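Visitor: Could you take a close look at one part of this model for me, and stay with it? I would like to see how the pieces there come together.

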Amino acid sequence: MQVPLIDLKAQYAQIKPDIDQVIQEVLSAGSFIGGQAVSDFENSFAKKSNALHCISVANGTDALYISLKALGIKEGDEVITTASSWVSTASMIQHVGAIPVFVDIDPDTYTIDPSLIEEKITERTKVIIPVHLYGQMADMTKIKSICNKYNLYCIEDTAQAHFARLGDTMPGEVSDIATFSFYPTKNLGAYGDGGCITTSDDELAQRSRAYANYGNKGKDNILGINSRLDTLQAAILNVKLNHVDTWIDQRISHADTYDRLLKNVSQITIPTVKQQARHTYYAYAIRCQDRDQLQKHLSEKGVTTTIHYPTILPLLPIFTSLDHREDDFSVAYLHQQETLSLPIYAELTDEQITYVADCIRDFYN
Ligand SMILES: *Cc1c(COP(=O)(O)O)cnc(C)c1O
């Protein structure tokens, strides 16, 4: 049996008539930037995220960069973020000239550990960027109260957690800005690159939109870039937005099945989900003994897995000048050596999940 990490063709097969139709409509209209499909998408996405504004952009990396620019972050500022994420979270901090200040992760959820944030705050600190890693939200109640206490901005990197929830809160609801990616393999993915920013602050919305659109702001032109979601991707995302909750629920159901089949394997730790959380399972990341050998065994059995992420952010070559060591971030470092992400996507079957779990049990026996 073959079990890929994700199967984007299976998803397309489900929605083919609708997708083909909207692509045809865009091609026939001959208008490829902006227009109704883009504004429809922004309106629907904002509404579904309980935000006043959605500004679509070219990708999730740009969304982070533009957010930092819209907040006026510049050289000499410090931005606090997690030690464990995709590179963009930290590299965009460096791109605006600011210094990334890394914080170790919570050993259960792998998101930034709020109890370690305050000791990293200085008078140069301007922003905290939590990442809702693997599809589960970071502890926004604690993070937000730290932001209030020290008068800091908060940007939530939500590239992996569209429509996640923690209690009654969705990403972006309690902070200044949330950033999203529509990279094809994300829980809501385009057929190419895409991203957006949500905010309920009118001025931040205006500034982000201007910045992403050559800096056009009427006669007060500002320094900007060109970063837009194109019409074709918006039309595709409009179709997918109607299905995304079903797809997330299917991911959750598959994660429950994995949990049930793997929870008694003593060499494995299954994901911890916080009370009242909607974990959207962008990744089903287990911790396991003999990780590399297990990955090789699964690969020989036709099961594709991946490691999110092979190197923790503070130890990446681009941050050498910060002179970090493994034991400065011991929880993240250990997690990085033990973590393995199993196949998860809506169209995965129970037979496939059972097969993956059987292969894992065989390996340890
Ligand atoms: C995917 C991802 C990004 C970058 O998104 P792109 O659309 O690929 O630029 C940023 N942060 C996190 C946490 C991600 O997973």
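Guide: Let's start with helices α1 and α7, which are oblique to each other because their angle is outside the ranges for roughly parallel (under 35 degrees), roughly antiparallel (over 145) and roughly perpendicular (65 to 115). Their axes, lines fitted to C-alpha atoms over the stretch in contact, make an angle of about 140 degrees and are 9 Å apart. This is a predicted model, where local features need pLDDT of at least 70, side-chain atom pairs need 80 or more, and totals for chains, interfaces and linings use all residues. Numbering runs from 1 along each chain as its sequence is written, and side-chain values use heavy atoms, without hydrogens or water.

Helices here are DSSP runs (H or I) of at least four residues, and α7 covers residues 231–241. On the α1 side, the contact (heavy atoms within 4.5 Å) is made by Gln11, Ile15, Asp18, Ile19, Val22, Ile23 and Val26. Facing them from α7 are Thr231, Leu232, Ala235, Ile236, Val239 and Lys240. Nine of these contact residues are nonpolar, two polar and two charged.

Now follow Gln11, one of the α1 residues that meet α7, to the largest cavity (points on a 1 Å grid where a 1.4 Å probe fits but cannot get out; lining atoms lie within 4 Å of a point). Gln11 is among the residues nearest the centre of this cavity, along with Ile6, Leu8, Arg251 and Tyr345. The lining has 15 residues in total, and the elements giving two or more of them are α1 (8–29) and α8 (244–262). By class, the lining is six nonpolar, four polar and five charged residues.

Terms used
On a 1 Å grid over the protein atoms alone, a cavity is a set of points where a 1.4 Å probe fits but cannot get out, and a pocket is an open set with protein on both sides within 12 Å along at least five of seven lines; lining residues have an atom within 4 Å of a point. Ala, Val, Leu, Ile, Met, Phe, Trp, Tyr, Cys and Pro count as nonpolar, Asp, Glu, Lys and Arg as charged, and the others, Gly among them, as polar. Axes are lines fitted to C-alpha atoms, for helices over the stretch in contact, and angles run from 0 to 180 degrees between N-to-C directions.
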